[in-house]
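Visitor: I am new to protein models, and I would like to walk through this one slowly, with the reasoning spelled out. Could you show it to me first?

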Protein chains: 2
Amino acid sequence: MKPPESHRDLLERPLFAHLATVGSDGAPRSNPMWFLYDPETNRVRLTHTKTRHNHRYLKAEPRISMSITDPDDQYRYLQLRGEVENEEDDPEGKFYQLLQKRYRGYTTDVQDKDVRVVYTIRPTGWKSRPVT
Amino acid sequence: MKPPESHRDLLERPLFAHLATVGSDGAPRSNPMWFLYDPETNRVRLTHTKTRHNHRYLKAEPRISMSITDPDDQYRYLQLRGEVENEEDDPEGKFYQLLQKRYRGYTTDVQDKDVRVVYTIRPTGWKSRPVT
């Protein structure tokens, strides 16, 4: 379940992914998120905190979807479906800082590192538009 | 359930909304979509077709969520939760053309007008970041 070559740049560039989750009430939620895609393992990683609603939701329903549009051409986009394969603490905020570097170009002290977690997402399907 | 004044521009500008729905398998989906917000009725309208998966999903689960980021500052965003209040055919593609005009500045013949529908979304909650 590799991403389409034609849209790989959307995973490489520091764009926001819109993360869809299902809440405890069964209704969907959508939130813009930082992410990191690792082509070697074909996994997407997200930073989150244990204090947000989504953390509880993802325990109950680990399936997610993400969509990423190209800001230079919003008709060009990539959709991922997947599920949370792993969740681990980020007690020193290292993964958060990796994303800070990717998105902001610099790192700061991670104030909420006590509650920071890393989700690893295993892709189960990709969709892209235009198709090539 | 009116949107926060501070983020009203995100509804007025022709930005893409990322629409989260719940599929028939209970997993979420995320798709970028055109939309139109009407401040008088406080409703969001979307154009869709009866041939897409989301059409079937929304019959079973009318609750949705949408997130919209500001392309000039992606840390600024608006999230809507709501539900499909009404669905109606768009046999002449008029609503589709209204959105074409909004997003592309011109209209074309609507090839798939036979299957075009308009969803009216009633907001049940708004979230914005930064809060003001």
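Visitor: Is B:Asn42 buried or exposed?
Guide: This is a predicted model, in which local features need pLDDT of at least 70, side-chain atom pairs count only at pLDDT 80 or more, and totals for chains, interfaces and linings use all residues. Residues are numbered from 1 along each chain as its sequence is written, while chains are lettered from A and ligands numbered from 1 in the order in which they are written. A residue is called buried if 20 or more other C-beta atoms lie within 10 Å of its own, exposed if 12 or fewer, and partly exposed in between, with C-beta atoms placed from the backbone. Since B:Asn42 has 12 other C-beta atoms within 10 Å, this residue is exposed.

Visitor: Where is B:Asn42 placed in chain B, and what is its phi near?
Guide: Strands (E, at least two residues) and helices (H or I, at least four) are DSSP runs numbered from the N terminus, and B:Asn42 sits in the loop between strand 3 (36-38) and strand 4 (43-49) of chain B. Most residues other than glycine have a negative phi, and most peptide bonds are trans. In B:Asn42, a residue other than glycine, phi is positive, with a value near 55 degrees.

Visitor: Which residues does the cis peptide bond of chain B join, and what is omega about?
Guide: B:Pro130 lies in the segment after strand 7 (116-129) of chain B. The cis bond joins B:Arg129 and B:Pro130, and its omega is about -15 degrees.

Visitor: What is the order of the strands in the open sheet of chain B?
Guide: Two strands pair if DSSP finds at least two bridges between them, and strand 3 of chain B pairs with strand 4 of chain B in the antiparallel sense over three bridges. One of the bridge partnerships links B:Tyr37 with B:Val44 in strand 4 of chain B. The sheet has seven strands with antiparallel pairing, in the order 2-1-5-6-7-4-3.

Visitor: Which strands of chain B stand at the edges of that sheet?
Guide: An edge strand has a single partner strand, so one side of it is left without a neighbour in the sheet. In chain B, these are strand 2 and strand 3.

Visitor: At about what angle does helix 2 of chain B run to strand 1 of chain B?
Guide: Helix 2 (residues 53-60) of chain B lies across strand 1, strand 2, strand 4, strand 6 and strand 7 of chain B, where contact requires C-beta atoms, placed from the backbone, within 7 Å. Axes are lines fitted to C-alpha atoms, for helices over the stretch in contact, and angles run from 0 to 180 degrees between N-to-C directions. Relative to strand 1 of chain B, helix 2 of chain B runs at about 60 degrees.

Visitor: Which strand of chain B supplies the largest share of the side that touches chain A?
Guide: In all, 22 residues of chain B are in contact with 23 residues of chain A. Strand 1 (17-22), strand 2 (28-33), strand 5 (63-70) and strand 6 (73-89) of chain B each supply at least two residues of the side that touches chain A. The largest share, six residues, comes from strand 5 of chain B.

Visitor: By what turn can chain B be laid on chain A?
Guide: Copies are superposed by least squares on the C-alpha atoms of residues with pLDDT of at least 70 in both. Chain B fits on chain A with an RMSD of 0.0 Å and a shift of 0.0 Å along the axis, after a turn of 180 degrees. The two copies are thus related as by a two-fold rotation axis, and the turn asked for is 180 degrees.

Conventions:
Two residues are in contact if their C-beta atoms, placed from the backbone, lie within 7 Å.
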